Amino acid sequence: AAETSLSGERIDKLNAVGFIWDVHEAQWLERYAELKKYRRDHGDTLVPKHYPVYPFLGRWVDKQRFDFKRFMAKKKLEDCDEIEDPE
């Protein structure tokens with residue numbers, strides 16, 4: 001196992017100050033919270049690419065839609081494989 005200077009005590013101290021362990025997850029949750037506020041204020045999730053109130057939200061929404069399309073395409077391929085090869 002790899003050596004680490006991070007002891008249980010140090011982990012507890014970092015947790016006590018609200019240390020963010022997974023930066024990507026924290027950023028995703030932040031954008032999600034912004035999207036909920038945008039929807040509350042505008043009644044939809046059609047965020048413009050350039051929206052000064054939440055400057056990163058428009059690109060994030062686009063990325064979610066892009067990732068969803070890739071997810072659905074992969075799922076469709078997997079479903080086709082199951083149909084062609086019913087064990």
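This tour proceeds through a predicted model, one selection at a time.

**The nonpolar surface patch**

Begin on the outside by selecting Leu6, Ile11, Val17, Phe19 and Trp21, which make a nonpolar surface patch of about 470 Å². Within this selection, centre the view on valine 17, in the loop between helix H1 (8-16) and helix H2 (23-42). Valine 17 counts as exposed because its relative accessibility is 66%, and the threshold for that class is over 50%.

**Aromatic pairs**

Next, display the aromatic rings; the structure holds five aromatic pairs. Select tryptophan 28 and tyrosine 32 as one example: their ring centres are 5.5 Å apart and their planes lie at 10 degrees, so this pair is stacked. Planes under 30 degrees apart are what the term requires. Both residues belong to helix H2, and because they are four residues apart there, about one helical turn separates them. As for their surroundings, tryptophan 28 counts as partly exposed at 35% relative accessibility, and tyrosine 32 is also classed as partly exposed, at 37%.

Move now to tyrosine 38 and tyrosine 51, an aromatic pair with an edge-to-face arrangement, 5.0 Å from centre to centre and with 85 degrees between the planes. This pair links distant parts of the chain: tyrosine 38 is in helix H2, while tyrosine 51 is in the loop between H2 and helix H3 (57-84), 13 residues away. Colouring by accessibility will show tyrosine 38 and tyrosine 51 both as buried.

Before leaving the rings, return to Trp28 and Tyr32 and add Trp60 to the selection; the three residues form one aromatic cluster.

**The largest nonpolar core**

Which residues make up the largest nonpolar core? Select Leu35, Tyr38, Val47, Tyr51, Tyr54, Leu57, Trp60 and Val61, eight residues in all. Two of the helices, H2 and H3, each supply at least two residues of this core. The greatest contribution is that of H3, with three residues. Tyr38 and Tyr51, already visited as an edge-to-face pair, are thus met again as members of this core, as is Trp60 from the aromatic cluster.

From the core, select tyrosine 54 and show its contacts. Setting aside residues up to four places away in sequence, tyrosine 54 touches Glu34 and Lys37. The first of these leads to the next stop.

**Glutamate 34 and its network**

Select glutamate 34, which is found in helix H2. Is glutamate 34 buried or exposed? Glutamate 34 is buried, because its relative accessible area is 11%, and the limit for that class is under 20%. With neighbours within four places in sequence left aside, glutamate 34 is in contact with Tyr54 and Leu57, both of which are members of the largest nonpolar core.

Side chains of opposite charge can pair when their charged atoms come close. Over the whole structure, a search finds seven salt bridges. One of them can be inspected here: glutamate 34 forms a salt bridge with arginine 31, with the closest N and O atoms 3.0 Å apart. Both residues lie in helix H2, three residues apart, which is about one turn of the helix. Arginine 31, like glutamate 34, is buried.

**Salt bridges along helix H3**

Shift the view to helix H3 and select lysine 63 and aspartate 67, whose side chains meet in a salt bridge at 2.8 Å, N to O. These two residues are four apart in helix H3, about one turn of the helix. Lysine 63 is partly exposed, with a relative accessible area of 47%; aspartate 67 is also partly exposed, with 26%.

Continue along the same helix to lysine 75 and aspartate 79, which form a salt bridge whose closest N and O atoms are 3.7 Å apart. About one helical turn separates lysine 75 from aspartate 79, because they are four residues apart in helix H3. Each is partly exposed: lysine 75 has a relative accessible area of 35%, and aspartate 79 likewise has 35%.

As a last selection, go back to arginine 31 and glutamate 34 and add Glu30. Salt bridges with shared partners join Glu30, Arg31 and Glu34 into one network.

Key
Residues are numbered from 1 along each chain as its sequence is written. This is a predicted model: local features need pLDDT of at least 70, side-chain atom pairs count only at pLDDT 80 or more; totals for chains, interfaces and linings use all residues. Side-chain values use heavy atoms; hydrogens and water are left out. Patches are made of residues with over 30% relative accessible area and no salt bridge: like charges are joined within 9 Å, nonpolar side chains (Val, Leu, Ile, Met, Phe, Trp, Tyr) within 5 Å. Accessible areas come from the Shrake-Rupley method with a 1.4 Å probe; for residues, only the protein chains shown count as cover. A salt bridge is a side-chain nitrogen of Lys or Arg within 4 Å of a carboxyl oxygen of Asp or Glu. Buried means under 20% relative accessible area, exposed over 50%, partly exposed in between (1.4 Å probe, protein chains only). Rings of Phe, Tyr and Trp (its six-membered ring) pair if their centres lie within 6.5 Å; planes under 30 degrees apart count as stacked, over 60 as edge-to-face and the rest as tilted. A nonpolar core is a set of buried Ala, Val, Leu, Ile, Met, Phe, Trp, Tyr and Cys residues joined through side-chain atoms within 4.5 Å. Contact means heavy atoms within 4.5 Å.
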